[in-house]
Amino acid sequence: MKSIPASVLSVVIITLFSVLMYFMPVSDLLNYQRVQIDSGQWWRLISGNYLHTNHWHLIMNLAGMWVITALHYHFYNGKGLLILFASLSLLEGLGLYLFYPSLIGYVGLSGILHGYFTFGALKEIQHKMKAGYLLLLGVIAKVSYEHVNGATEQVSNLINARVATESHLIGVLAGVLVFIGYLAITRWPNPTAKS
């Protein structure tokens, strides 16, 4: 019997954490709120990514995460995937805070998922998989369209909130930055390694 890949177990952990956050009364303490971040509650930059407006918002984001995982789980080990999510979470919060001062509140995994998808597409390109180019072009086209036209009204109604399309753009950029960092770390010469 085949064992479950460690990357899939990491996604199970992220899923359970997100579900737990949804059912616990912690939104007022953890959601991304610019005013509270300004007053020193920096954890909200990260924690807001794991909260959701309603069960449809949660289900859509978790489903998206599992679809992306099905595409790219073989690129990751368990620890690496958790580090990827932590990095994307921090960059997502910082990006929204620095570049979108008019965004007062935000919750949801969708920004991180755009980064996760982008990172996976870049991994495919790195491994000479032509589909990676199509995936990368697709996410760029999607985010560009949303940035000009906004998200569909149906999705906004379903999640009972405005879709923060700016989080999707920040997510894609974060995915690219994390991938560049990953390349820098993995290709950095190791002086103790034998030639």
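Start by selecting Ile14 in this predicted model. Leave out residues up to four places away in sequence, and Ile14 touches Tyr50, Met65, Leu82 and Phe85. Show those side chains together with Ile14.

Now color helix H1, residues 6-23; Ile14 lies in it. Is Ile14 buried or exposed? The relative accessible area of Ile14 is 6%, so Ile14 is buried, the cut-off being under 20%.

Next, draw a distance from the C-alpha of Ile14 to the C-alpha of Gly171. The two atoms are separated by 17 Å. Along the chain, these residues are 157 apart.

**Helix H10**

Gly171 takes you to H10, which covers residues 165-187. Select the whole helix. H10 has 23 residues and reaches 33 Å from its first C-alpha to its last. That is close to the 33 Å expected at 1.5 Å a residue.

Which residues of H10 are buried? Pick out Thr165, Glu166, Ser167, His168, Ile170, Gly171, Val172, Ala174, Gly175, Val178 and Phe179. What do the buried residues of H10 pack against? Add helix H6 (78-99), strand E2 (105-106), H7 and H8 to the view; these are their partners.

**H10 against H8**

Hide everything but H8 and H10. They pack at an angle of about 150 degrees, and their axes are 9 Å apart. The crossing of H8 and H10 is left-handed. On the H8 side, select Val139, Lys142, Val143, Glu146 and His147. On the H10 side, select Thr165, His168, Leu169 and Val172. Color this contact by class: four residues are nonpolar, three polar and two charged.

**H8 against H7**

Keep H8, residues 131-149, and bring back H7, residues 110-126. How are H7 and H8 oriented to each other? Their axes cross at roughly 150 degrees and come within 7 Å. Angles over 145 degrees count as roughly antiparallel, so H7 and H8 are roughly antiparallel to each other. The crossing of H7 and H8 is left-handed.

Finish with the side chains between them. From H7, show His114, Phe117, Thr118, Ala121, Leu122, Glu124 and Ile125. They meet Ala131, Gly132, Tyr133, Leu135, Leu136, Val139, Lys142 and Val143 in H8. By class, the contact of H7 with H8 has ten nonpolar, three polar and two charged residues.

Last stop: select Val139, Lys142 and Val143 in H8. These residues are among those that meet H7, and they also help make the contact with H10.

Conventions. Residues are numbered from 1 along each chain as its sequence is written. This is a predicted model: local features need pLDDT of at least 70, side-chain atom pairs count only at pLDDT 80 or more; totals for chains, interfaces and linings use all residues. Side-chain values use heavy atoms; hydrogens and water are left out. Axes are lines fitted to C-alpha atoms, for helices over the stretch in contact, and angles run from 0 to 180 degrees between N-to-C directions. Helices (H or I, at least four residues) and strands (E, at least two) are DSSP runs, numbered from the N terminus. Angles under 35 degrees count as roughly parallel, over 145 as roughly antiparallel, 65 to 115 as roughly perpendicular and the rest as oblique. A crossing is left-handed if the near helix is turned anticlockwise from the far one by less than a right angle, and right-handed if clockwise. Contact means heavy atoms within 4.5 Å. Ala, Val, Leu, Ile, Met, Phe, Trp, Tyr, Cys and Pro count as nonpolar, Asp, Glu, Lys and Arg as charged, and the others, Gly among them, as polar. The expected span of a helix is 1.5 Å times one less than its number of residues. Buried means under 20% relative accessible area, exposed over 50%, partly exposed in between (1.4 Å probe, protein chains only).
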